[in-house]
Amino acid sequence: EVIAVLGYPENFESESDESPKQPNTSFTKRSKRLYRDPENARIAGVCSGLAYYFGGEAWLYRGLFIILRLF
């Protein structure tokens with residue numbers, strides 16, 4: 001009786017393939033997080049994490065930290 005009312009699982013799989021559901025983007029909140037990047041790290045990965053977060057090359061951030069450290 002249940003199968004007669006609900007149907008077979010194969011019937012539902014074909015429907016989901018034809019019209020995939022898109023997530024409602026108005027309720028999903030994505031926030032950018034700042035992390036250290038240990039894979040591309042020279043000392044602790046802080047500059048490479050900043051480069052990933054803001055975009056750019058890690059050597060630019062490393063050079064900026066060296067220049068700021070001198071002053």
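## A four-helix chain and its core

In the protein chain, residues 24 or more positions apart account for 0% of the contacts with a separation of 6 or more. The model is predicted. The chain has four helices and zero strands. Along the sequence, the pattern reads α-α-α-α.

Some totals come next. The protein chain has 71 residues, and 13% of them count as buried. Its accessible surface comes to about 7200 Å². Carbon and sulfur atoms hold 58% of that surface.

**The core**

Five residues make up the largest nonpolar core: Cys47, Leu50, Ala51, Ala58 and Tyr61. Two elements give two or more residues to this core, helix H3 (46-54) and helix H4 (58-70). H3 provides the largest share, three residues.

Ala58 belongs to this core. Beyond its neighbours within four places in sequence, Ala58 is in contact with Cys47, Ser48 and Ala51. Cys47 and Ala51 are themselves core residues.

**Ser48 and Gly63**

Ser48 lies in helix H3. Once neighbours within four places in sequence are set aside, Ser48 is in contact with Asp37, Asn40, Ala41, Ala58 and Arg62. Gly63 is found in helix H4. The C-alpha atoms of Gly63 and Cys47 are separated by 9.4 Å. Along the chain, these two residues are 16 residues apart.

Is Ser48 buried or exposed? Ser48 has a relative accessible area of 5%, so Ser48 is buried, the cut-off being under 20%. Gly63 has a relative accessible area of 27% and is therefore partly exposed, since that class runs between 20% and 50%.

| Residue | Helix | Relative accessible area | Class |
|---|---|---|---|
| Ser48 | H3 | 5% | buried |
| Gly63 | H4 | 27% | partly exposed |

**The largest pocket**

How much space lies in the largest pocket? The volume is about 220 Å³. Which residues line this pocket? The lining consists of Asn40, Ala41, Arg42, Ile43, Ala44, Gly45, Val46, Cys47, Ser48, Arg62, Phe65 and Ile66. H3 and H4 each supply at least two residues of the lining. By class, seven lining residues are nonpolar, three are polar and two are charged.

Core and pocket share a residue. Cys47 is part of the largest nonpolar core, and Cys47 also lines the largest pocket. Ser48 is another residue of that lining. Among the contacts of Ser48 are Asn40, Ala41 and Arg62, and these three also line the pocket.

Methods: Residues are numbered from 1 along each chain as its sequence is written. This is a predicted model: local features need pLDDT of at least 70, side-chain atom pairs count only at pLDDT 80 or more; totals for chains, interfaces and linings use all residues. Side-chain values use heavy atoms; hydrogens and water are left out. A nonpolar core is a set of buried Ala, Val, Leu, Ile, Met, Phe, Trp, Tyr and Cys residues joined through side-chain atoms within 4.5 Å. Buried means under 20% relative accessible area, exposed over 50%, partly exposed in between (1.4 Å probe, protein chains only). Contact means heavy atoms within 4.5 Å. On a 1 Å grid over the protein atoms alone, a cavity is a set of points where a 1.4 Å probe fits but cannot get out, and a pocket is an open set with protein on both sides within 12 Å along at least five of seven lines; lining residues have an atom within 4 Å of a point. Grid points are joined across faces, edges and corners, and a volume is the space filled by probe spheres set on the points. Ala, Val, Leu, Ile, Met, Phe, Trp, Tyr, Cys and Pro count as nonpolar, Asp, Glu, Lys and Arg as charged, and the others, Gly among them, as polar. Accessible areas come from the Shrake-Rupley method with a 1.4 Å probe; for residues, only the protein chains shown count as cover.
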